[in-house]
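Reader: I am new to reading protein models, and I would like a close look at how side chains meet each other here. Please start with the charged ones and take me through slowly.

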Amino acid sequence: QVQLVESGGGLVQPGGSLRLSCAASGSVFSINGMGWYRQAPGKERELVAVIGSGGSTNYADSVKGRFTISRDNAKNTVYLQMNSLKSDDTAVYFCYARISTSSLYTNNYWGQGTQVTVSS
């Protein structure tokens, strides 16, 4: 069994910052890509940022220059530093990871989601 546990969401004023964390635990053999998606009310889930096992990154245009994704492979953890937050960033943020539980089995895993609300 593999679990992704997120933390760090909350309420912040426009222009503020938050840092999300997501730790993978359980039968983790290796982790490939990790990332963050978000879903706002009435909208589809969208990619925010992803990071490869070697550290390569990709961001949605809407967050470039404001958000930074990073990972600590020793801790099986991915982070999302969010700066200059806007009301449009309000959403439930989901952690994602492509995890191998053995040399033969790889699957996609999702966290339970953490609410980020940007409001004055």
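Author: Happy to! A salt bridge, as the word is used here, is a side-chain nitrogen of Lys or Arg within 4 Å of a carboxyl oxygen of Asp or Glu. Keep in mind as we go that this is a predicted model. With that rule, the structure holds four salt bridges.

Let us begin at R38. The side chain of R38 meets that of E46 in a salt bridge, with 2.7 Å from N to O. R38 also meets D89 in a salt bridge, and here the N to O distance is 3.0 Å. This second pair links distant parts of the chain: R38 belongs to strand β4, D89 to the loop between β8 and β9, and the two are 51 residues apart.

How do these residues stand towards the surface? To judge that, you need one cut-off: buried means under 20% relative accessible area, exposed means over 50%, and partly exposed lies in between. R38 has a relative accessible area of 6%, so R38 is buried. E46 has 37%, so E46 counts as partly exposed. In the pair of D89 and R38, on the other hand, both residues are buried.

Another salt bridge brings K64 and D61 together, at 3.1 Å from N to O. K64 is partly exposed because its relative accessibility is 49%. D61 is exposed, since its relative accessible area is 65%. Now look at which salt bridges share partners: through them, R38, E46, R66 and D89 are joined into one network.

Charged ends can also meet rings. The charged end of R19 sits over the ring of Y79, 4.1 Å from the ring centre. In a similar arrangement, R45 has its charged end over the ring of F94, 3.8 Å from the centre.

Next come rings that meet rings. A pair of aromatic rings is described by the distance of the centres and the angle of the planes. The count of aromatic pairs comes to three. One of them is Y37 with W110: the centres are 5.1 Å apart and the planes stand at 65°, which makes the pair edge-to-face. Y37 is in strand β4 (residues 30-39) and W110 is in strand β10 (residues 106-110), so this pair ties together parts that are 73 residues apart in sequence. Y37, at 21% relative accessibility, counts as partly exposed, and W110, at 38%, is partly exposed too.

W110 also pairs with Y96. Here the ring centres are 5.3 Å apart and the planes are at 55°, so the pair is tilted. Y96 lies in strand β9 and W110 in strand β10, so the parts that this pair ties together are 14 residues apart in sequence. Y96 has a relative accessible area of 15%, so Y96 is buried. Put the rings together and you get one aromatic cluster of Y37, Y96 and W110.

There is one more kind of side-chain link to find. A disulfide is a covalent bond between the sulfur atoms of two cysteines. A search of the whole structure turns up one disulfide. The cysteines are C22 and C95, with their sulfur atoms 2.0 Å apart. The angle about the S-S bond is -80°, and the link is left-handed. Since C22 lies in strand β3 and C95 in strand β9 (residues 91-100), the pair ties together parts that are 73 residues apart in sequence. C22 has 0% relative accessibility, so C22 is buried. C95 is buried as well, because its relative accessibility is also 0%.

Finally, let us follow strand β3, the home of C22, to its neighbours. Strand β3 (residues 18-26) runs antiparallel to strand β1 (residues 2-7), and six bridges join them. On that side, V2 stands opposite G26 of β3. β3 also pairs with strand β8 (residues 77-82), again in the antiparallel sense and over six bridges. Between these two strands, L20 has L80 of β8 as its bridge partner. As you trace the strands, remember one rule: in a regular strand the side chains alternate between the two faces of the sheet.

Technical notes
Residues are numbered from 1 along each chain as its sequence is written. This is a predicted model: local features need pLDDT of at least 70, side-chain atom pairs count only at pLDDT 80 or more; totals for chains, interfaces and linings use all residues. Side-chain values use heavy atoms; hydrogens and water are left out. Two strands pair if DSSP finds at least two bridges between them. Helices (H or I, at least four residues) and strands (E, at least two) are DSSP runs, numbered from the N terminus. A disulfide is a pair of cysteine sulfur atoms within 2.5 Å. Buried means under 20% relative accessible area, exposed over 50%, partly exposed in between (1.4 Å probe, protein chains only). Rings of Phe, Tyr and Trp (its six-membered ring) pair if their centres lie within 6.5 Å; planes under 30 degrees apart count as stacked, over 60 as edge-to-face and the rest as tilted. A charge sits over a ring if NZ of Lys or CZ of Arg is within 6 Å of the ring centre and within 35 degrees of the ring normal.
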